[in-house]
Amino acid sequence: MDATSMLIGGQWRSAIGTGRIEDVTSPYDGSVVGTVPVAGVRDVEAALAAAEHGASVWRRTPAHERMRVLMRAADLAEQRTGEIAKTLSAENGKTITEATAEAGRSGELIRLAAFEGTQLYGDSLPLDANPGTGLDKVGFTLRQPCGVVVAITPFNYPALLVLHKLAPALAAGNAVVLKPARTTPLTALALAACFVDAGLPEGVLSVLTGPGGELGDALVSDPRVRKVSFTGSTRTGERITRMAGVKKLSLELGASCPVAVGGYVNAGQVCISVQRVITHPAVSGDFLDALVPRVQAIRTGDPSSSETTMGSLVSLAEAKRVEKSIADAVAGGARLLTGGDRDGAIVAPAVVADVDPACALSQDELFGPAVAVSTAADWEQAIAQANGTAYGLGAGIFTADVAGAVRAMREVDAGNIHINWTPLWRADLMPYGGLKGSGIGKEGPRRAVAEMTEEKTVVLHGRPW
């Protein structure tokens, strides 16, 4: 892989026509981490044409052979963990400790998907249960790959969120065109190299780097694409639903998760990061007394240092946006107990108390290192606050009241609910996805592999009439 190449149909190459390139820079200090091509619509056409051919080849490859390729890719990803982690930390701004943990999960995630790709069972159909049908017919279902899958991924977990789409799609027998976030393309390219070096056939995988709007619109609207898997903002997800036409969609969108801890991992740039804390008035003061010193102990600074426990946001613009969101909440009557100051792209981790549940800091997705604390007098008010946003991705309930926990798990509108734990936890095999404005469909290798396929019904007639 050349430092200024992207992947089209298994071939490393520059952008067609202009040959334009752009720098990928560190959000921490502005240094150049790498250089990538700026793809255009001609590159989209080349990638989709290659994917049509690749999909035809890959779907006819037995599952056990696909599994062997993915297993080799998993081994390569593990061998390259250190290198990938350094790239990830440099282009994303998260600490090297967090980056190493993320990159270190890559191999196992690929293996899980590889196994699930060999386990695509169909169902037998009890046709004789229908009046007028005897025992002369046999019905069953089969699953087959969708064909060409477009995967569009965000900057916050540039390894894991790429692999949560790429590995299941490949395991199920699809060709994939991946569009990673413009700010973090290098990690995606490094992971793609693992699949290419493992022997993935030509045409099966492309990675396009460049502007998300132009490339994304061209990809999701193309009729050759049968499946779109997107993680990002609710606004962009809504645009995709309008443009995609008749094709399968998996959309993992925004969130404003209610609970009590977990708001500062990856500088708060996690869709299941804790943003809202809803406490009972009887414990709110004790909770804040315990929380604030822990938040003040978080060490910000150079992401490449092992001493740093929280790195920068992904860009200066994002840091300014988060800083303003916190300041607006304080101007509206909330109390800033700690943090909120900005130094370049680093925002000091913040605790904001007495937050109006209707204000923007509670209602909108912050995607930054701040927790908004509000109070609720009883379960009814707490559940109403938890459900009082457009989102429904994750929630955590901390309580010794078993009856209250059962009520909350039934009434809180979130796709992932954790009892006595933060929503900032995810097992790779669990179904993962949201309700309401937080998305459509589920991820996690087992569910994602199934969603990367289409189901058809087959009826074998024993008599010709």
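The following legends describe close-up views of a predicted model.

**View 1. Arg-111 and Glu-108 form a salt bridge within helix 5.** The closest N and O atoms of Arg-111 and Glu-108 are 3.6 Å apart. Both residues belong to helix 5, which spans residues 106–116, and their spacing of three residues separates them by about one helical turn. The two partners fall into separate accessibility classes: Arg-111 counts as buried at 18% relative accessibility, whereas Glu-108 counts as partly exposed at 43%. In the structure as a whole there are 21 salt bridges.

**View 2. A salt bridge joins Glu-116 to Arg-446.** The side chains of Glu-116 and Arg-446 meet with an N to O distance of 3.1 Å. This pair links distant parts of the chain, since Glu-116 is in helix 5 and Arg-446 is in helix 15 (residues 445–451), 330 residues apart. Glu-116 has a relative accessible area of 8% and is therefore buried, the limit for that class being under 20%.

**View 3. Lys-324 and Asp-328 are paired along helix 11.** In this salt bridge the closest N and O atoms are 2.8 Å apart. Lys-324 and Asp-328 both lie in helix 11 (residues 316–331), where a spacing of four residues corresponds to about one turn of the helix. Lys-324 is exposed, with a relative accessible area of 51%, while Asp-328 counts as partly exposed at 42% relative accessibility. Elsewhere, Asp-75, Glu-78, Glu-108 and Arg-111 are joined into one network by salt bridges that share partners.

**View 4. Four residues make a nonpolar patch on the surface.** The patch has an area of about 330 Å² and is made by Val-402, Val-406, Met-409 and Ile-419. Helix 14, covering residues 402–411, gives the most to this patch, contributing three residues. Val-402 has its place in helix 14. With a relative accessible area of 62%, Val-402 is exposed, because that class begins at values over 50%.

**View 5. Helix 13 and helix 14 cross at roughly 30°.** The axes of helix 13 (residues 379–386) and helix 14 come within 11 Å. Angles under 35 degrees count as roughly parallel, and helix 13 and helix 14 are therefore roughly parallel to each other. The crossing of helix 13 and helix 14 is right-handed.

**View 6. Phe-367 has a positive phi in a loop.** The phi of Phe-367 is about 55°, although this residue is not a glycine. Phe-367 lies in the loop between helix 12 (360–363) and strand 18 (370–375). The relative accessible area of Phe-367 is 16%, and the residue is buried.

**View 7. Lys-436 also has a positive phi without being a glycine.** For Lys-436 the phi is about 50°. The loop that holds Lys-436 is found between strand 20 (416–419) and strand 21 (439–440). At 39% relative accessibility, Lys-436 counts as partly exposed.

Notes:
Residues are numbered from 1 along each chain as its sequence is written. This is a predicted model: local features need pLDDT of at least 70, side-chain atom pairs count only at pLDDT 80 or more; totals for chains, interfaces and linings use all residues. Side-chain values use heavy atoms; hydrogens and water are left out. Helices (H or I, at least four residues) and strands (E, at least two) are DSSP runs, numbered from the N terminus. Buried means under 20% relative accessible area, exposed over 50%, partly exposed in between (1.4 Å probe, protein chains only). Patches are made of residues with over 30% relative accessible area and no salt bridge: like charges are joined within 9 Å, nonpolar side chains (Val, Leu, Ile, Met, Phe, Trp, Tyr) within 5 Å. Accessible areas come from the Shrake-Rupley method with a 1.4 Å probe; for residues, only the protein chains shown count as cover. Axes are lines fitted to C-alpha atoms, for helices over the stretch in contact, and angles run from 0 to 180 degrees between N-to-C directions. Angles under 35 degrees count as roughly parallel, over 145 as roughly antiparallel, 65 to 115 as roughly perpendicular and the rest as oblique. A crossing is left-handed if the near helix is turned anticlockwise from the far one by less than a right angle, and right-handed if clockwise.
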